[in-house]
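Thanks for coming, everyone. I would like to walk through one model this morning, going from its overall division down to a few details of the backbone.

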Amino acid sequence: MIKVGIVGSGAMGSGIAQVAATAGHEVVVLDANPQALQKAATALAATMAKLVEKGKITAEKAASVTGNISFVSDIQAYAGCGLVIEAIVENLDVKKKVFADIEAVAGADCILASNTSSLSIASIASVCKAPGRVVGIHFFNPAPLMELVEIIPAVQSDDATVAAAKALIDSWGKKTVIAKDTPGFIVNRVARPFYGEALRIYEEGVADMATIDWAMTQLGGFRMGPFTLMDYIGHDVNYVVTETVFREFFYDPRYKPSFSQKRLLEAGWLGRKSGRGFYNYAEGATLPEPAKNEALGQEICNRVLVMLINEAADACFLNIASREDVDIAMTKGVNYPKGLLRWADEIGIATVVERLDALYHTYHEDRYRCSPLLRKMAAEEQTFFA
Ligand SMILES: NC(=O)c1ccc[n+]([C@@H]2O[C@H](COP(=O)([O-])OP(=O)(O)OC[C@H]3O[C@@H](n4cnc5c(N)ncnc54)[C@H](O)[C@@H]3O)[C@@H](O)[C@H]2O)c1
């Protein structure tokens, strides 16, 4: 079994280390900050103790997982690794430097991977002497619990690198999907309208946020409403992802960020973690009540849903991922109640196109343009799945 190196012992690095060690690999975790390393070691011990206490794993298994991981400060520890996964700060220049440094110590057959959420794998790989060994391996937070992993080949990646990375991560009990090296890959791209269209509906005054959240959970079947979810993720993360995706897509209006969310970020109302976001989380604060108007709720739900389906269909149209992988990504990466393309089949693609066209005719904004794939499929009476 290969030795696995992890760079960065933050939320993602320590979670990925736990997954690899649980699969039986010897793992070395390096962080530039000794306190972060110490914190990760303490947190790992606490997680293992909790899993034993809950009866999820035996004490022997916990000891073997802890024993498999060493926390190091010397980059030489990556010599002999078969795979190194980088999970450090989301900054291209810092990542490039780290990749060049790692390549200098890692063996020629070592795969170098980045867990980046938003940077291009091609640009990270460009600093390596052998860029063919670089690939994106994008875990979701928390890595030990989330089953989905996006595998992102860069233009430079060798086929063998991609196949080996996929096979290895599959062997860790994860569900891998292959995504093109484009902004947001699959999940962070296709999910944008869940936030963006809900914000637009709110800004237009069609409904308040409690009613939108109620519609999406009670009528749509989503686990959390968009406003609750944005507050949960934190506006420092969720807003920044939206802004990055918008910029990286050369300002396609479909991804345009909203002022309502930007102002929250500027105010320091980051969501649950700061006690205030769209909702007030202070003790004793009363939460707004939804209107619970079924007709309005259904209208909201249909509008957000067709925008999500449009995004999923367009990702297929542009060959970002296969139909199967798009549906797997959204059900396993963000726990959607159904795959969006299967949902489109259920609603009927002609109905989806009709609803999108109605929005386009109302607003005359490019944001509401229907994917050519949906239009063609509706005309030919096709479905996404047999
Ligand atoms: N948090 C998420 O929900 C999430 C999900 C998927 C992917 N990601 C991506 O994973 C990466 C890490 O995110 P995170 O949330 O774990 O961040 P984090 O801030 O929790 O941890 C990053 C760690 O990297 C360390 N670090 C910074 N520069 C370093 C360097 N040059 N060498 C070694 N260590 C260094 C820091 O000390 C810190 O401990 C980012 O690229 C992020 O986009 C994050």
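Before anything else, a word on the names I will use: helices, of at least four residues, and strands, of at least two, are DSSP runs, and both are numbered from the N terminus. With that in hand, Lys 292 can be placed in the loop between helix H12 (259–267) and H13, and although Lys 292 is not a glycine, its phi is positive, at about 50 degrees. Please keep in mind throughout that this is a predicted model.

Let me step back to the overall division. The chain is split into domain 1, covering 3–178, and domain 2, covering 188–386, and the centres of domain 1 and domain 2, taken over C-alpha atoms, are separated by 31 Å. Where the two meet, 10 residues of domain 1 are in contact with 9 residues of domain 2. On the side of domain 1 that touches domain 2, S7 and S8 each supply at least two residues, and S8 gives the most, with 3 residues. By class, that side of domain 1 has 5 nonpolar, 2 polar and 3 charged residues.

Those two strands bring me to the sheet. It is an open sheet of 8 strands with mixed pairing, and its order is S3-S2-S1-S4-S5-S6-S7-S8. Its edges are strand S3 (69–72) and strand S8 (175–178), each of which pairs on one side only, and from one strand to the next the twist averages 25 degrees. To take one pair from within the sheet, strand S1 (residues 3–7) and strand S2 (residues 27–30) run in the parallel sense and pair over 4 bridges; for Ile 6, the bridge partner in S2 is Val 29. Across part of this sheet lies helix H6 (residues 159–171), which covers strand S4 (81–86), strand S5 (111–114), strand S6 (134–139), strand S7 (148–153) and S8, and which runs at about 170 degrees to S7.

Now to the ligand, which I expect many of you were waiting for. Which residues are the closest to the ligand? Of the 23 residues that surround the ligand, the closest are Gly 8, Gly 10, Met 12, Ala 36 and Asn 141. The elements that give two or more residues to this shell are helix H1 (11–22) and helix H4 (92–105), and H1 gives the most, with 3 residues. As for the character of the shell around the ligand, its residues divide into 12 nonpolar, 9 polar and 2 charged.

Asn 141 deserves a second mention, since the peptide bond from Asn 141 to Pro 142 is cis, with omega near 0 degrees. Pro 142 itself lies in the loop between S6 and S7.

Finally, a pair of helices. The axes of helix H9 (residues 209–219) and helix H13 (residues 294–317) come within 9 Å and cross at roughly 80 degrees, and H9 and H13 are therefore roughly perpendicular to each other. On the H9 side, the contact is made by Thr 211, Ile 212, Trp 214, Ala 215, Met 216 and Leu 219, which meet Leu 296, Gly 297, Gln 298, Ile 300, Cys 301 and Val 304 in H13. The residues of this contact of H9 with H13 divide into 9 nonpolar, 3 polar and no charged.

Methods. Residues numbered from 1 in each chain as written. Predicted model: local features only at pLDDT ≥ 70, side-chain atom pairs only at ≥ 80, totals over all residues. Pairing = 2+ DSSP bridges. Axes fitted to C-alpha atoms, helices over the stretch in contact; angles between N-to-C directions. Contact = placed C-beta atoms within 7 Å. Near = placed C-beta within 6 Å. Nonpolar A, V, L, I, M, F, W, Y, C, P; charged D, E, K, R; others polar. Parallel < 35°, antiparallel > 145°, perpendicular 65-115°, else oblique. Domains from an automatic or database assignment.
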